[in-house]
There are 2 protein chains.
Amino acid sequence: MFMYQLLRDNIEQHVHLSDAEFSHFATSFETKEIEKKQFLLREGEICRFEGFVTKGIFSVYHLDKNGDKQILYFAHENWWVTNIDSFTNNLPSQLFIEALEDSEVLLISKSDKESAYINLPKIEKLFRVMTQKTHVALQRRMIDSLSKTADQRYIDFIEKYPQLYQRLSNLQIAAYLGVSHEFLSKIRRKIAGQK
Amino acid sequence: MFMYQLLRDNIEQHVHLSDAEFSHFATSFETKEIEKKQFLLREGEICRFEGFVTKGIFSVYHLDKNGDKQILYFAHENWWVTNIDSFTNNLPSQLFIEALEDSEVLLISKSDKESAYINLPKIEKLFRVMTQKTHVALQRRMIDSLSKTADQRYIDFIEKYPQLYQRLSNLQIAAYLGVSHEFLSKIRRKIAGQK
DNA sequence: CATTATTATTGAACTTGTTCAATTTTTTTG
DNA sequence: CAAAAAAATTGAACAAGTTCAATAATAATG
């Protein structure tokens with residue numbers, strides 16, 4: 001099936017699995033469809049899965065006490081999505097994971113993931129390498145957030161994620177950049193005027 | 001030796017090693033002393049180590065084109081320090097690692113670390129778990145950086161790292177919080193006035 | 001301990017970003 | 001396709017944070 005091929009290609013970027021190994025690992029996943037505006041995970045729930053997005057986009061965000069949303073990341077096709085804190089430590093999630101389009105994910109449970117670690121050490125390596133990459137990306141974003149102005153972060157975002165930019169509302173992008181959507185609107189006007 | 005006991009206790013928080021396993025792993029480390037204001041790693045160099053701090057404090061930071069410093073984290077006794085991006089991908093470092101006091105680290109090279117992964121799978125687990133924890137902490141910091149005001153981030157910092165706060169200058173703390181040190185000074189005045 | 005460096009404070013003018021409220025535009029849905 | 005809902009724009013008043021330049025306080029060093 002197409003979505004399993006996507007998963008295989010994704011894994012192949014980090015470690016090589018034989019047909020048999022992949023087939024076995026792939027049976028650990030179940031498919032789930034989530035409609036737009038529905039949740040894969042809500043605040044307070046314990047995250048019992050790690051997901052691989054095969055269709056659509058999810059946003060992973062925090063809601064602060066003022067009701068403002070801070071988006072940690074977007075996960076579209078070919079990305080992994082979970083609340084790693086809740087998942088690994090069995091803690092109530094402080095994050096929401098919401099579908100921004102009608103979406104589809106392959107989900108693996110914690111116990112299946114742990115079995116895979118044991119049966120297939122390459123899987124442990126896979127997740128270690130993925131976590132490292134994600135961490136490096138977040139370090140870069142943290143530095144940008146400390147040093148760059150919102151204008152520049154917006155320009156960088158468009159350049160880095162042109163396909164994502166097309167599919168997201170400015171409300172979403174503003175919540176990712178950490179500015180009000182009104183201010184993002186003014187940034188857009190300013191940039192448009194410069195061209 | 002005292003510093004190896006520190007290392008062992010640190011590892012023990014995540015995985016258990018027998019005396020023999022630990023002794024073997026410990027031989028991979030070499031001790032290095034770094035004087036205050038000297039560098040463990042400079043921008044442009046490839047990071048060939050992962051370090052465990054046994055004495056002193058390091059700051060891991062980026063210098064932007066304006067010459068402003070953004071501090072990613074501080075590593076004091078009992079913390080690990082490296083540039084994970086440069087280390088894992090053999091890329092020139094975009095970060096500096098500088099000793100803020102006369103310091104001492106135990107260093108392990110990439111090849112020794114990789115041997116350990118192979119000889120002792122618990123070590124792979126150790127680093128996977130540590131990276132996950134670090135990642136979760138950075139996610140929380142990212143959310144705070146998107147949602148909280150500098151006053152609140154400063155108050156949080158003092159509360160979270162009271163011992164670190166005592167040993168750092170306000171210049172360092174400002175570069176960590178992402179504000180000018182002048183503004184931090186005004187925050188401090190405001191907070192002092194409230195008490 | 002006297003001198004020099006670095007760090008911290010302060011004020012004033014300025015820039016960046018927020019909030020609120022109103023209006024327009026676009027998208028969704030019956 | 002009409003109506004309703006959601007998203008985007010705009011302006012005005014405000015708050016948060018920067019920059020620059022001067023001064024004071026602390027720490028480092030011969």
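Which helices of chain A and chain B each supply at least two residues of the surface near DNA strand D? The views below take that up and then move on to other parts of this predicted model.

**View 1. The surface near DNA strand D draws on both protein chains.** Chain A brings helix H8 (170-177) and helix H9 (181-194), while chain B brings helix H6 (150-160) and its own helix H9 (181-194); each of these supplies at least two residues. The largest share belongs to H9(A), with six residues. There are 16 residues around the strand, and the ones that come nearest are A:Ser169, A:Asn170 and A:Ser185 from chain A, plus B:Val179 and B:Phe183 from chain B. Sorted by class, this surface has six charged residues, six polar ones and four nonpolar ones.

**View 2. Helix H8 of chain B is tucked away.** Here we look at residues 170-177 of chain B, where six of the eight residues are buried, so the helix is largely enclosed by the rest of the structure. To find the buried ones, start at B:Gln172 and B:Ile173, carry on through B:Ala174 and B:Ala175, and finish with B:Tyr176 and B:Leu177. Just after H8(B) comes B:Gly178, which has a positive phi, near 85°.

**View 3. Chain A and chain B superpose by a rotation.** Turn chain A by 180°, with 0.0 Å of shift along the axis, and it superposes on chain B with an RMSD of 0.0 Å. The two copies are thus related as by a two-fold rotation axis. Now for where they touch: 100% of the interface residues of chain A are also interface residues in chain B, so the copies meet through the same surface.

**View 4. Four strands of chain B make an open, antiparallel sheet.** Reading across the sheet, the order is S1-S8-S3-S6. Strand S1 (29-34) and strand S6 (80-81) are the edge strands, each pairing on one side only. S1(B) and strand S8 (residues 103-109) run antiparallel and share six bridges. For one pair to look for, take B:Thr31, whose bridge partner in S8(B) is B:Leu106. Helix H1 (residues 2-12) of chain B packs on this sheet, touching strand S3 (49-55) and S8. The direction of H1(B) makes about 115° with that of S3(B).

**View 5. B:Ser109 sits in strand S8 of chain B.** How many other C-beta atoms lie within 10 Å of B:Ser109? The count is 15, and B:Ser109 is partly exposed. Set aside its neighbours within four places in sequence, and B:Ser109 is in contact with B:Arg48 and B:Phe49. As for B:Ala75, that residue is 34 residues from B:Ser109 in sequence and 18 Å from it in space, C-alpha to C-alpha.

**View 6. Strand S3 of chain A is mostly covered.** Of the seven residues in this strand (residues 49-55), six are buried. S3(A) pairs with strand S8 (residues 103-109) of chain A in the antiparallel sense, over six bridges. S3(A) also pairs with strand S6 (residues 80-81), again antiparallel, over two bridges. A:Gly51 is a handy landmark for both pairings: A:Leu107 stands opposite A:Gly51 in S8(A), and A:Val81 is the bridge partner of A:Gly51 in S6(A).

Notes
Residues numbered from 1 in each chain as written. Chains lettered and ligands numbered in written order. Predicted model: local features only at pLDDT ≥ 70, side-chain atom pairs only at ≥ 80, totals over all residues. Near = placed C-beta within 6 Å. Nonpolar A, V, L, I, M, F, W, Y, C, P; charged D, E, K, R; others polar. Buried ≥ 20, exposed ≤ 12 C-beta atoms within 10 Å, placed from the backbone. Least-squares fit on C-alpha atoms with pLDDT ≥ 70 in both. Contact = placed C-beta atoms within 7 Å. Pairing = 2+ DSSP bridges. Axes fitted to C-alpha atoms, helices over the stretch in contact; angles between N-to-C directions.
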